[in-house]
Every structure is written in C-alpha cells, then in structure tokens.
Amino acid sequence: MERLDHYRQCIRKLLNQQATIAQESPEIECQLIFDIEHDHYQLLDLGWDGLKRIYNCFIHLDIKNDKIWIQRNMTEIDIGQLLVEMGVSKEDIVLGLHPPYKRPYTGYGVA
C-alpha cells in the first residue's frame, strides 16, 4: 500500500508540473483529472480557439495491478524516465501505448 501511495504521489506531481507548463491561452482550460478511487489520471486541454472546439487529452496514466500504465503521452517529455527518477521501478511501469508484443523490448515492465 505504501508503494501505491508513492506511485499516486509521483503521478500527481508529474501531472501538476505539466499542467503548469501547458497553460497557453485563457480561453483554453487545462484540467487535471485525478480519479483516485479507480486510479485513472489525465491532463486535458478544454475550451475554444475561436470557432474550433478544443478537447485534447495530453497525458493519461492508470495504476493497474500495482503498476503505472502510460496510456497516452502527447508531450515531448519521457514520462517513464521521469517516473524512474522519482523512484518508480522500471518493472512497475508499463508502456500501454505500445502494442503488447513490443513491450518486452522497451526496458519497462510488461503486463
């Protein structure tokens, strides 16, 4: 349980840092979604750019079976490396955005 709490704190810290960086326009809201009960975490941009609707999920992380799953990363940062630097074991990070047959070759965990 202590390890999971640490993983949740790492995810919150990472998303909060990215949300601060991502603020670009007052018409576009940067939302942090923390579903602590189900362990789903997202960073979204939401709003309008003139007549164009903006709804982008930049980062989506889940915790499943005691591992952090990187489901989406539309940024230039290496989320896996940042999590490792925060003390998360590489074996406990799954690159869910890669197909299952590639995951054993990523250096990270597999599900």
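Tutor: Let's fix the vocabulary first: helices here are DSSP runs of H or I with at least four residues, strands are E runs of at least two, and both are numbered from the N terminus. The model is predicted, with local features needing pLDDT of at least 70 and side-chain atom pairs pLDDT 80 or more, while totals for chains, interfaces and linings use all residues. Residues are numbered from 1 along each chain as its sequence is written, and side-chain values use heavy atoms, without hydrogens and water.

Student: OK, what makes Arg8 and Asp5 about one helical turn apart?

Tutor: Both sit in helix H1, and they are 3 residues apart, which means a separation of about one helical turn.

Student: And why is their contact called a salt bridge?

Tutor: The term asks for a side-chain nitrogen of Lys or Arg within 4 Å of a carboxyl oxygen of Asp or Glu. For Arg8 and Asp5 the closest N and O atoms are 3.3 Å apart, so the pair qualifies.

Student: Is Arg8 buried or exposed, and how do you know?

Tutor: Buried means under 20% relative accessible area, exposed means over 50%, and partly exposed is in between, using a 1.4 Å probe and protein chains only. Arg8 has 17%, so Arg8 is buried. Asp5 has 35%, so Asp5 counts as partly exposed.

Student: Which other residue does the Arg8 side chain meet in a salt bridge?

Tutor: That's Asp39, at 2.8 Å from N to O. This pair links distant parts of the chain, 31 residues apart: Arg8 is in helix H1, Asp39 in the loop between strand E1 (28-35) and E2. Both Arg8 and Asp39 are buried.

Student: How do you know that Arg3 and Asp66 make a salt bridge?

Tutor: Their closest N and O atoms are 3.9 Å apart, so they pass the cut-off. They also link distant parts of the chain, with Arg3 in helix H1 and Asp66 in the loop between E3 and E4, 63 residues apart. Arg3 is partly exposed because its relative accessible area is 39%, and Asp66 gets the label with 35%. Arg3, Asp66 and Asp92 are linked in a network of salt bridges. The count by this rule comes to 4 salt bridges.

Student: Why is Tyr7 called buried?

Tutor: Its relative accessibility is 2%, so Tyr7 counts as buried. Tyr7 lies in helix H1 (residues 2-22). Contact means heavy atoms within 4.5 Å, and Tyr7 touches Ile63, Asp66, Ile68, Val88, Ser89 and Asp92, leaving out residues up to four places away in sequence.

Student: What makes E2 and E3 a pair of strands?

Tutor: Two strands pair if DSSP finds at least two bridges between them. E2 (residues 40-49) and E3 (residues 52-64) have 10, in the antiparallel sense, so they pair. They form a hairpin with 2 residues between them, and Gly50 in the turn has a positive phi of about 70 degrees.

Student: How do you know that E3 and E4 pair as well?

Tutor: E3 is joined to E4 (residues 67-73) by 6 bridges, running antiparallel, so the requirement is met. The bridge partner of Ile63 is Ile68 in E4.

Student: Last one: why is Gln42 with His60 called a polar contact?

Tutor: That term means a pair of N or O atoms within 3.5 Å; within protein, one must be able to donate a hydrogen and the other to accept it, and residues adjacent in sequence count only if both atoms are side-chain atoms. The side chains of Gln42 and His60 are joined at 3.2 Å, so the distance fits. Gln42 itself is in strand E2.
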